Amino acid sequence: MQFLQAEEPSLPPWKVLVVDDEPDVHTVTRLTLSRFRLDGRSLQFLNAYSGAEARKMLSEHQDIALIFLDVVMETETAGLDVVRWLRGEMGNTFTRIVLRTGQPGQAPEESVIVEYDINDYKEKTELDRKKLFTTTFAALRAYRDIMEVEQAHRFQLSYREGLERVIDASAHIFRQRNLHDFAQGLLQQVVALLQLEHSMLLRVRGASGIQGADRYEILARLGDEEQATEAFDTVLLEQLDATCVNKISHLYGDTFIGYFPNRSGKTSLLVLQGVHDVSEIDAKLLEVFSSGVAIAFDNILLNQEISDTQGELIMRLGDVVESRSHEAGNHVRRMSEISYMIALQSGMDPEEAMILRQAAPMHDIGKIATPDAVLLKPGKLDADEWEIMKQHPEVGMSILAGSQRPILKASAIIAHQHHERYDGHGYPQGLAGEDIHPFARIVAVADVFDALIQKRVYKPAWPVDQVLQHMQSAAGAHLDPYYVNILIENVDKALEINSRYPD
C-alpha cells in the first residue's frame, strides 16, 4: 500500500518564542541566531513583551519548541507565572524553557530550578553569541527527541485503537448474511476507518474487459445522492478498466480503487474518493482490513448461493402443492412477499422477517398428503371430507418437524398454525391471540388478502375496497387486527407485489 503515501513535505522551521520587555533583546537574539540550522530547519521567531502576551502567543501556537523567557517584566514574577501556567494549566511539558534574567537576585538559580519546570537558567550577561548558539542547539535537540518519543507513543496508541476498530468492523461485516448488507457494512466500516465521505463498492459482472457502466453492479454506496447518476463517468470507467486489466489495487490522484478477486472467479472493486491525504497508519489499517475482504466475499457468496438454492427449492415445492390444488400460479410468491412486507412494517428484525419470507411458501405443504377426491372436489366438502382436509396442518408439521434449520423450523410452525384463528375458533389446536406465532398470524393475513384480490376458478377478483372491508370485518375474529391494520396502511405496497407477480 506504499502508493497511498503522500510525498513528504518540506519541514517547517523551529518556532522560538522570545519573551522580554526589552526590544533590543529580541533584535540581538534574532540577529545572533539568523543562520542557525538543526536538521535542515531554520528558526521562526515569535515575540512577546509581557507575560500576558506570552500566554496569548502560547495559546495560539501549540508547536513552539523553545522559549527564551525573561523573569521580571510587568511584575517581578511575570516570567515564573508564565512557566507555572504553561506547565500546569496548559499541560505543556514539551516546550523547552530557558529562563533568561538580568536580575538574578530576583530569581535565584537554585530555587528556580527546584521549584519550576524549566530546562535552563541563564543570566543575560553570560549569553554571548557562542553560549546562545549552544543553548539553543541543546534545547531544540532535546525538544526534537522528546517529540519523536511522543510521536511514537501516539502512533502506538493510534495503531492499537485502529486495530480495535478493524476487529470491530470485521466482526460487524462478517455477521451480515447477504451480499448487499455485507457490502454496505464493509463500505461503512472502511469509510469510518479513513474518515472519507464518497465511496462505493462494485461487483464486476464479467471477466473480460469493461465496455461500459452496465458491466458493473453497485453493491453499496455512500456519498451525495445527487451524484449517484454520475457514478460511472468516463474517467472513473477508464480507471476501473485499468484496475481490472492490471489486477492490482491502485491510487489514481485522490481516488483509490481496491481490487479484490475471489475463488469464485468474481471480482469486487472498492472505490474510495478523497484519499490523497491518507496517513501512514490509515494505510496500514486499510491493508489489514482489506486482507480479509476476498475471503469474506467468498463466504458471503457461498452462503448466498446456499440460501438462494434453499429458497428456490422451498418455492418450487410450494408451487407443486399449490398447482396440485389448482391455486393461482404465483400465489406462494405473492403471499411470501406480502408476508415479508408486513413483517418489516411491523418492526420485526430484518433477519427474522427474511426467514418468514423464505418459509411462507411451505404453509400448505401438508396438502401433499390430502387425497385428490377431497383436495380437488369441485363442490362443498361434507363433514368427513372436511375433517380430512383439516388434517393438512398436522401433516405439514410432521413433515417438517425435527429440523434445526431456521427456515424449516419456521416452515413447520407456519404449516401447523396458519389455520388458527385469532378468536380461538381455528384448527388444529384452537390457539387464540398471541398464543399463535407471529409468523402464522402474518401468513394468515397475507393468504386471505391474496385469495380475495386474485381471480380463482370459483370466484372473480374482488375490488380493492371490498377486500379491505372484508379484512377489517375479519380483524379480531379470524385475523390479528394489528397485522390487518399494517396491511391496510401499506396496501399500495401489497398491490405493487401483486402486479409484480401476476398469474
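The following exchange asks why certain residue pairs in this predicted model are called salt bridges.

Modeller: Residues are numbered from 1 along each chain as its sequence is written, and side-chain values use heavy atoms, with hydrogens and water left out. Because the model is predicted, local features need pLDDT of at least 70 and side-chain atom pairs count only at pLDDT 80 or more, while totals for chains, interfaces and linings use all residues.

Biologist: Why is the pair D39 and R144 called a salt bridge?

Modeller: The term requires a side-chain nitrogen of Lys or Arg within 4 Å of a carboxyl oxygen of Asp or Glu; the closest N and O atoms of D39 and R144 are 3.0 Å apart, so the pair qualifies. D39 sits in the loop between α1 (23-32) and β2 (43-48), and R144 in helix α5 (residues 129-174), 105 residues apart.

Biologist: What makes D39 count as partly exposed?

Modeller: Buried means under 20% relative accessible area and exposed over 50%, with partly exposed in between (1.4 Å probe, protein chains only); D39 has 46% relative accessibility, so it falls in between.

Biologist: How do you know that R334 and D450 form a salt bridge, and which helices hold them?

Modeller: Their N to O distance is 2.6 Å, which the 4 Å rule admits. R334 lies in helix α10 (residues 331-345) and D450 in helix α16 (residues 438-453), so the pair ties together parts that are 116 residues apart in sequence. Both R334 and D450 are buried.

Biologist: How many salt bridges does this rule give?

Modeller: The count comes to 14.

Terms used:
Helix = DSSP H or I, 4+ residues; strand = E, 2+ residues; numbered from the N terminus.
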